[in-house]
Amino acid sequence: MMTGNDGLQSRDGGWADSSNGCDGHAGQWPVDQQPTGQQSVDQQSVNQPKAQETAGQSRMIRPIVTIGLLDNDEFSLAFLERSIGELMPEARVIWKTTSGRDAVARCLDTDQSPNVLLTDMSMDELSGLVVARTIRIQTARVAILAVTSFSLAVYAGKAAEAGAQGIVPKSVESPIIRAIRTVAAGGTWGEGFDTAAAAHARLGGRRVPRQFLLSDREAEAMNLCSRGLGTEQIAGEMQVSVSTAKTYLTRAIHKLGVTSRGQAVALWTGAAEDER
């Protein structure tokens, strides 16, 4: 996997370098001795600068940086994708999602894992902190860049602890692009952050956050509960009986290792720290 530095191979080992431009000396043929059926040497001489220019431009093309985007706001996803597309010609967004569980699954799948994951910190389903920690416990392959619309001080320390490589404000394009390039190249962005390898070495062997022990239906019930819905409302949204909704919530609370809905919601949304 490439890191985004100039001169490194792209993810599939391919190159866009076409450096075999013309470098021969062009002599001049008499008009009546021009080779028939071939391009004249004069014509080759005229075309030579263009070939050299094309080769030079090709050598300047950077290897592709692949990027995954996670945000619960579709508008923010569109903003990030547009900014990256316009300002990072060497980058490509390979997927975007509003689901933290989906982002984790993709990052841990070698066929879908990006070089860099941009994740919002405040999510409806799973917090960006839980997502970052879950990925970093299991792999150093993906660099993680936290993105937030809040003051960076709110999440910087927690994002670093969770294994991210940096944090940037969501609405400012230039720092985002510079930060992506830096972490893709194996660096960090901001004070107190570790490289992906160092963070993985620190967190490797820890237990995956309890949020990922829940089934999809239990997770759905917790998502609705975290929005302030009562059991009957949750049952209506999930189109199940009240007793079934209560069972999902009871199982979720047990798997999260807490004793009340309030504690479960705090852990689920990232308001409370998971176990070390």
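In this predicted model, arginine 202 and glutamate 161 meet through their side chains in a salt bridge, with an N to O distance of 3.6 Å. Arginine 202 belongs to helix 7 (residues 196–203) and glutamate 161 to helix 5 (residues 152–161), so the salt bridge ties together parts of the chain that are 41 residues apart in sequence. Arginine 202 is partly exposed, at 28% relative accessibility, and glutamate 161 is also partly exposed, at 29%.

Side chains of opposite charge can pair when their charged atoms come close. A search of the whole structure finds 12 salt bridges. Three of them are listed here.

| Salt bridge | Closest N and O atoms |
|---|---|
| Arginine 202 and glutamate 161 | 3.6 Å |
| Glutamate 86 and arginine 82 | 3.3 Å |
| Glutamate 90 and arginine 181 | 2.6 Å |

Glutamate 90 and arginine 181 link distant parts of the chain, 91 residues apart. Glutamate 90 sits in the loop between helix 2 and strand 2 (91–97), while arginine 181 is in helix 6 (residues 173–184). Is glutamate 90 buried or exposed? Glutamate 90 is buried, because its relative accessible area is 4% and the cut-off for buried is under 20%. Its partner, arginine 181, is partly exposed at 29% relative accessibility.

Glutamate 86 and arginine 82 both lie in helix 2 (residues 74–87). Because they are 4 residues apart in that helix, about one helical turn separates them. Glutamate 86 is exposed, with a relative accessible area of 54%, whereas arginine 82 is partly exposed, with 39%.

Salt bridges also link Asp71, Asp120 and Lys170 in a network.

The nonpolar residues come next. The largest nonpolar core has 44 residues, and those touching the most other members are Leu117, Met222, Ile234 and Leu256. Several elements each supply at least two residues of this core, including helix 3 (100–108), helix 4 (128–138), strand 4 (143–148) and helix 5. Helix 8 (216–226), helix 9 (231–238), helix 10 (242–255) and helix 11 (261–269) do so as well. Another core, of 22 residues, lies apart from the largest one; among its members are Leu69, Leu118, Ala179 and Ala184.

Which residues does leucine 117 contact, leaving aside its neighbours within four places in sequence? Leucine 117 is in contact with Gly68, Leu69, Leu70, Trp95, Cys107, Val131, Ile135, Val142, Ala143, Ile144 and Leu145.

Definitions and conventions
Residues numbered from 1 in each chain as written. Predicted model: local features only at pLDDT ≥ 70, side-chain atom pairs only at ≥ 80, totals over all residues. Heavy atoms only, no water. Salt bridge = Lys/Arg side-chain N within 4 Å of Asp/Glu carboxyl O. Buried < 20%, exposed > 50% of the residue type's maximum accessible area, 1.4 Å probe, protein only. Core = buried A, V, L, I, M, F, W, Y, C linked by side-chain atoms within 4.5 Å. Contact = heavy atoms within 4.5 Å.
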